[in-house]
2 protein chains.
Amino acid sequence: MTETRDLDPEEWELWGAWTRAQRLLAQELDRALQRDFGISKAEFSVLMALWRAAGRELRVGELSESLGWEKSRVSHQLTRMERRGFVARTESGAYGRRTGTKLTAEGRGAVQSAITGHAGNIRRHFFDTLTPQQADAIRAWSEQTIERIESHGDVSA
Amino acid sequence: MTETRDLDPEEWELWGAWTRAQRLLAQELDRALQRDFGISKAEFSVLMALWRAAGRELRVGELSESLGWEKSRVSHQLTRMERRGFVARTESGAYGRRTGTKLTAEGRGAVQSAITGHAGNIRRHFFDTLTPQQADAIRAWSEQTIERIESHGDVSA
DNA sequence: CTCATGCAGTTGACGCATCAACTCTAGGCT
DNA sequence: AGCCTAGAGTTGATGCGTCAACTGCATGAG
């Protein structure tokens, strides 16, 4: 069943262009975030997730779910961000050793100042460059792909 | 000039879906390469570049150019691959201390066995899931994006 | 009670990726 | 000659990301 035929040069080229474009865009956004606000894309994602939780503490599992990241990745990321002073882990010994995570004042400040700028960058570098047809195609492709891979017994969620 | 307006929830959602889909796909391909052939995507890229050079030794700068990677990244990658026995660095003291890099027999074997399988995975996970319109949109977007970012005084090349 | 099983989270090792600082060589200038 | 600069390549530090192995607690079976 596995189609083992090689790709045409033209297909290799499209594949190469696609992955290169993605990388360039991600890099661009990442660098801007770093330059303008001193935080990384990964940090921004976590800050946003906690920000959206509106003060409520989130557990590693919830963050993992909402970000679509592995728990281990979340844990490592929180460790780094705790070192930087962006988040605090509260060890509520109440009903077990469950740990909640919440933003510190510094974390709140960082996300507040970054969010508008980052959104603007995404708009300029992504949304503003898309024709409606391209946007539709990308939306469709993204949904297909997520559906296909995630439900195919491959990933946690 | 910077458009500082935030994104609509709908836009955030598209953005999130798109980045998530990319990550899932890349992960899927990476894992398959690792599982089936014991090499990583980065290793595959370097092996392919050297393979295409058809036996000729490449210098770090040439690899850097052809892969679109930073020289430092290439250097680190070659160090790891040298450790694994996939490439050999020849220190031609002839006209300076320029170092060429070439595939070892093991490296040749690895790329030969991986290439068809990897191409098949890309076909199944990417090309086979695209409608012609989607393929066109993705091609156009990729080219636009590469052009826009690379020529905008942002990246080496 | 005691052990197995399972779930939440952490940790260590390692590869990937970037940045800044460094070395080595060559070539040009005075 | 002596020096300066530029380019090629390397190195170390650090963050990101995955995997496998681990800890601690809870629950259910014997």
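In the next few minutes I will walk through this structure, beginning with one chain, moving on to how the two chains meet, and finishing with the DNA.

Please keep in mind throughout that this is a predicted model.

Let me start with chain A, whose secondary structure comes to six helices and three strands. Read from the N terminus on, the elements of chain A follow the order α-α-β-α-α-β-β-α-α. Of the 157 residues in chain A, 25% count as buried, and among the contacts in chain A with a separation of 6 or more, 49% are between residues 24 or more positions apart.

I would like to pause on helix H2 of chain A, which covers residues 41-52. At 1.5 Å a residue its 12 residues should span 16 Å, and the C-alpha atoms at its ends are indeed 16 Å apart, so the expected and the computed lengths agree. Which residues of H2(A) are buried? They are A:Glu43, A:Phe44, A:Val46, A:Leu47, A:Ala49 and A:Leu50. As general background, an α-helix has 3.6 residues a turn, so residues three or four places apart point the same way. Just after H2(A) comes A:Ala54, which takes a positive phi of about 55°.

For the strands, let me turn to chain B, where three strands form an open sheet in the order E1-E3-E2, with antiparallel pairing. Strand E1 (58-59) and strand E2 (87-91) of chain B stand at the edges, and because each has a single partner strand, one side of each is left without a neighbour in the sheet. E2(B) pairs with strand E3 of chain B, residues 99-103, in the antiparallel sense over five bridges, and within that pairing B:Glu91 has B:Thr99 in E3(B) as its bridge partner.

Now to the way the two chains are arranged. Chain B can be superposed on chain A by a rotation of 180° with 0.1 Å of shift along the axis, at an RMSD of 0.1 Å, and this is the relation of a two-fold axis. In chain B, the C-alpha nearest that axis belongs to B:Ala137, which is 3.3 Å from it.

How many residues of chain B are in contact with chain A? There are 45, and they touch 45 residues of chain A. On the chain B side, the elements that give two or more residues are helix H1 (9-37), helix H5 (105-125) and helix H6 (132-154), and the largest share, 16 residues, comes from H6(B). By class, this side of chain B has 20 nonpolar, 12 polar and 13 charged residues. Since 100% of the interface residues of chain B are also interface residues in chain A, the copies meet through the same surface.

Two residues may help to make this contact concrete. B:Ile138 lies in helix H6 of chain B, and because 20 C-beta neighbours fall inside 10 Å, it counts as buried. Leaving aside neighbours within four places in sequence, B:Ile138 is in contact with A:Trp18 and A:Ala137. B:Ile138 and B:Glu91, the strand residue I mentioned earlier, are 47 residues apart in sequence and 42 Å apart in space, from C-alpha to C-alpha. On the other chain, A:Trp141 is found in helix H6 of chain A, and with 23 C-beta neighbours inside 10 Å it too counts as buried. With neighbours within four places in sequence again set aside, A:Trp141 is in contact with B:Ala21, B:Leu130 and B:Gln134.

Finally, the DNA. Strand C is surrounded by 27 residues, of which the closest are A:Arg59, A:Gly61, A:Ser72, A:Ser75 and B:Ser40. The elements that give two or more residues to this surface are H1, H3 and H4 of chain A together with H2 and H4 of chain B, and H4(A) gives the most, with six residues. The residues near DNA strand C divide into five nonpolar, 12 polar and 10 charged.

And what surrounds DNA strand D? Here there are 27 residues, the closest being A:Ser40, B:Arg59, B:Gly61, B:Ser72 and B:Ser75. H2 and H4 of chain A, together with H1, H3 and H4 of chain B, each supply at least two residues of the surface near strand D, and the largest share, six residues, comes from H4(B).

Technical notes
Residues are numbered from 1 along each chain as its sequence is written. Chains are lettered from A and ligands numbered from 1 in the order in which they are written. This is a predicted model: local features need pLDDT of at least 70, side-chain atom pairs count only at pLDDT 80 or more; totals for chains, interfaces and linings use all residues. Two residues are in contact if their C-beta atoms, placed from the backbone, lie within 7 Å. Helices (H or I, at least four residues) and strands (E, at least two) are DSSP runs, numbered from the N terminus. Ala, Val, Leu, Ile, Met, Phe, Trp, Tyr, Cys and Pro count as nonpolar, Asp, Glu, Lys and Arg as charged, and the others, Gly among them, as polar. The expected span of a helix is 1.5 Å times one less than its number of residues. A residue is buried if 20 or more other C-beta atoms lie within 10 Å of its own, exposed if 12 or fewer, and partly exposed in between; C-beta atoms are placed from the backbone. Copies are superposed by least squares on the C-alpha atoms of residues with pLDDT of at least 70 in both. A residue is near a molecule or strand if its C-beta atom, placed from the backbone, lies within 6 Å of it. Two strands pair if DSSP finds at least two bridges between them.
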